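Me: I am new to this structure. Please show it to me, and then let me ask about the terms.

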Amino acid sequence: MPIDIPRIGTISAFVMLVDINRFGEMVSKAGGDLIAQFTRDVLSGAIMNIEKEEGEVIGFMGDAILGVFPDGDHTAKACFGIAHDLDRQCEYISIHQKKFPQDWGFAPGGPSIKISIEYGALDVSTIASRALGEQRLVVGDAINYASRISPAGEGNRCNVGPVAAKMEGLSCYDLAGPFTIQGKHGEADYQFYDFDLGDIWIAGVREPGKRTYWG
């Protein structure tokens, strides 16, 4: 059963951010052409897998989406599904790059993404605009933490915060770490674990066993 998110209130949940790598660079190369469709194609697979695993997508942030899950087991399964879908997307895009190289010069080799996860309390309210109508407004330390650990590493990766890493459903996996990324603007450093999805990611995007972290 999908996670129940109140219109106004608090919940405890797993938070997942899915973000496209090097997006600013791709936008500048694309000059605005096809980049929205590219973003849609990459993130639609993530949305599908989040919703398939009883999660809900509660935010769009340009090249990123924010999802929440009721438990660690469904969170982990969504990670595997997102990685599988990205592999299919890369295969599809590589075929089209060969046919129409002028259309895909902004994303040679296809997309890569970063996933970041943490668990914690979320405060929920609503906000509205004329174009979007009423939307959920969700804030919490878990979202901030997932955002802070997201940049660490290179290529396709899945970074898991220290609270989520110890929760049932994720703790059963062989998570490498902890690793550290430096906090911004005087913040304390952030620790995280690497959820290595291994050979599910498309070959060549991330070399097996290679981990390069910032901090």
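**Reasons behind the labels**

Reply: Start with one pair: Asp19 and Lys114 are joined through their side chains by a salt bridge, 3.8 Å from N to O. This is a predicted model, where local features need pLDDT of at least 70 and side-chain atom pairs count only at pLDDT 80 or more, while totals for chains, interfaces and linings use all residues. Residues are numbered from 1 along each chain as its sequence is written, and side-chain values use heavy atoms, with hydrogens and water left out.

Me: Why is the contact of Asp19 and Lys114 called a salt bridge?

Reply: The term asks for a side-chain nitrogen of Lys or Arg within 4 Å of a carboxyl oxygen of Asp or Glu. Asp19 and Lys114 have N and O 3.8 Å apart, so the pair qualifies.

Me: Where in the chain do Asp19 and Lys114 lie?

Reply: Asp19 is in strand β1 (residues 9-20) and Lys114 in strand β4 (residues 113-129). They are 95 residues apart, so the pair links distant parts of the chain. Strands are DSSP runs of E, at least two residues; helices are runs of H or I, at least four; both are numbered from the N terminus.

Me: Why is Asp19 called buried?

Reply: Buried means under 20% relative accessible area, exposed means over 50%, and partly exposed is in between (1.4 Å probe, protein chains only). Asp19 has 17%, so it counts as buried. Lys114 has 11%, so Lys114 is buried too.

Me: What makes Lys77 and Asp73 a salt bridge?

Reply: Their closest N and O atoms are 3.3 Å apart, so they meet the cut-off. Both residues lie in helix α3 (residues 72-99). They are four residues apart, about one turn of the helix.

Me: Are Lys77 and Asp73 buried, exposed or partly exposed, and why?

Reply: Lys77 has 40% relative accessibility, so it counts as partly exposed. Asp73 has 33%, so Asp73 counts as partly exposed as well.

Me: How many salt bridges does the whole structure hold?

Reply: The search finds five. Among them is Arg40 with Asp41, at 3.2 Å from N to O.

Me: How do you know that Asn49 is buried?

Reply: Asn49 has a relative accessible area of 7%, so it falls under the cut-off for buried. Asn49 sits in helix α2 (residues 35-52).

Me: Which residues does Asn49 contact, beyond its neighbours within four places in sequence?

Reply: They are Ala78, Gly81, Ile82 and Asp85. Contact means heavy atoms within 4.5 Å.
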